[in-house]
Amino acid sequence: MNIGQASAKTGLPAKTIRYYEDIALIRPQRDANGYRSFLAADIHKLTFLARARALGFTIEDCRALLELWEDKSRASADVKRIAGQHLASIEDKISALNAMHETLSGLVTSCAGDNRPDCPILTGLGDPEQA
């Protein structure tokens, strides 16, 4: 399978597939003419990478997960540890976003939004006590 077909099958742009090859996440075979040739295992890895990246895993997390996938003697605890760390990171981001939402919601609610120049949003953004 060529890169165009691999792209269509996995939903990844060819540029991303080339990047994953450049950073050694995948290693497709090369035909005699130098073109990449993707095997079923390469397609699986690309699909795996697409899904993992969509879930927000870093490239290094993806590298570690792929290594564990290839290691048939792996402990699932190693996989769970990486996924658990990522889940904790997502939960931290959700908490931070909720705090941002609460602050901004309060600022927007406090603003009359009329023709007067005083604006609680601008005052609140400049208030070091609000940080």
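**Exercises on a predicted chain**

At 38% relative accessibility, Asn2 counts as partly exposed. Keep in mind throughout that this is a predicted model.

**Exercise 1.** Work out where Asn2 sits and which residues Asn2 is in contact with, leaving aside neighbours within four places in sequence.

*Solution.* Start with the accessibility class: partly exposed covers the range between under 20% and over 50%. Asn2, at 38%, therefore lands in that class. Next, place the residue: Asn2 belongs to the segment before α1, the helix of residues 3–10. Then look for partners: once the sequence neighbours within four places are set aside, Arg36 and Phe38 are in contact with Asn2. Finally, try a long-range distance: Ile90 is 88 residues from Asn2 along the chain, and their C-alpha atoms are 36 Å apart.

**Exercise 2.** Decide whether Ser37 is buried or exposed, and list what Ser37 touches beyond four places in sequence.

*Solution.* First find the element: Ser37 lies in strand β2, residues 36–37. Now check the cut-off: Ser37 has 13% relative accessibility, so this residue counts as buried. Buried means under 20% here. For the touching residues, skip anything up to four places away, and you're left with Met1, Pro28, Gln29, Asp31 and Asp42.

**Exercise 3.** Explain why Cys119 and Cys111 don't make a bond.

*Solution.* Get the closest cysteine sulfur to that of Cys119: it's in Cys111, at 3.8 Å. Compare that with the criterion, which asks for cysteine sulfur atoms within 2.5 Å. The pair is too far apart for a bond, so no disulfide here. The count for the whole structure is zero disulfides. As a side check on burial, Cys119 has 19% relative accessibility and so counts as buried; Cys62, at 0%, counts as buried too.

**Exercise 4.** Set the radius of gyration of the chain against that of a compact globule of 131 residues, then describe the overall layout.

*Solution.* Take the reference first: a compact globule of 131 residues would come out near 14 Å, whereas the chain has 23 Å. Now look at the extents: the C-alpha trace spans about 75 × 35 × 20 Å along its principal axes. For burial, 24% of the 131 residues count as buried. On to secondary structure: the chain has six helices and two strands, running α-α-β-β-α-α-α-α from the N terminus. Last, the charges: there are 16 positive and 17 negative side chains, with the centres of the two sets 11 Å apart.

How values were computed: Residues are numbered from 1 along each chain as its sequence is written. This is a predicted model: local features need pLDDT of at least 70, side-chain atom pairs count only at pLDDT 80 or more; totals for chains, interfaces and linings use all residues. Side-chain values use heavy atoms; hydrogens and water are left out. Helices (H or I, at least four residues) and strands (E, at least two) are DSSP runs, numbered from the N terminus. The radius of gyration is taken over C-alpha atoms; the globule rule is 2.2 Å times the number of residues to the power 0.38. Buried means under 20% relative accessible area, exposed over 50%, partly exposed in between (1.4 Å probe, protein chains only). Lys and Arg count as positive and Asp and Glu as negative; His and the chain ends are not counted. The place of a charge is taken as NZ of Lys, CZ of Arg, CG of Asp or CD of Glu. Contact means heavy atoms within 4.5 Å.
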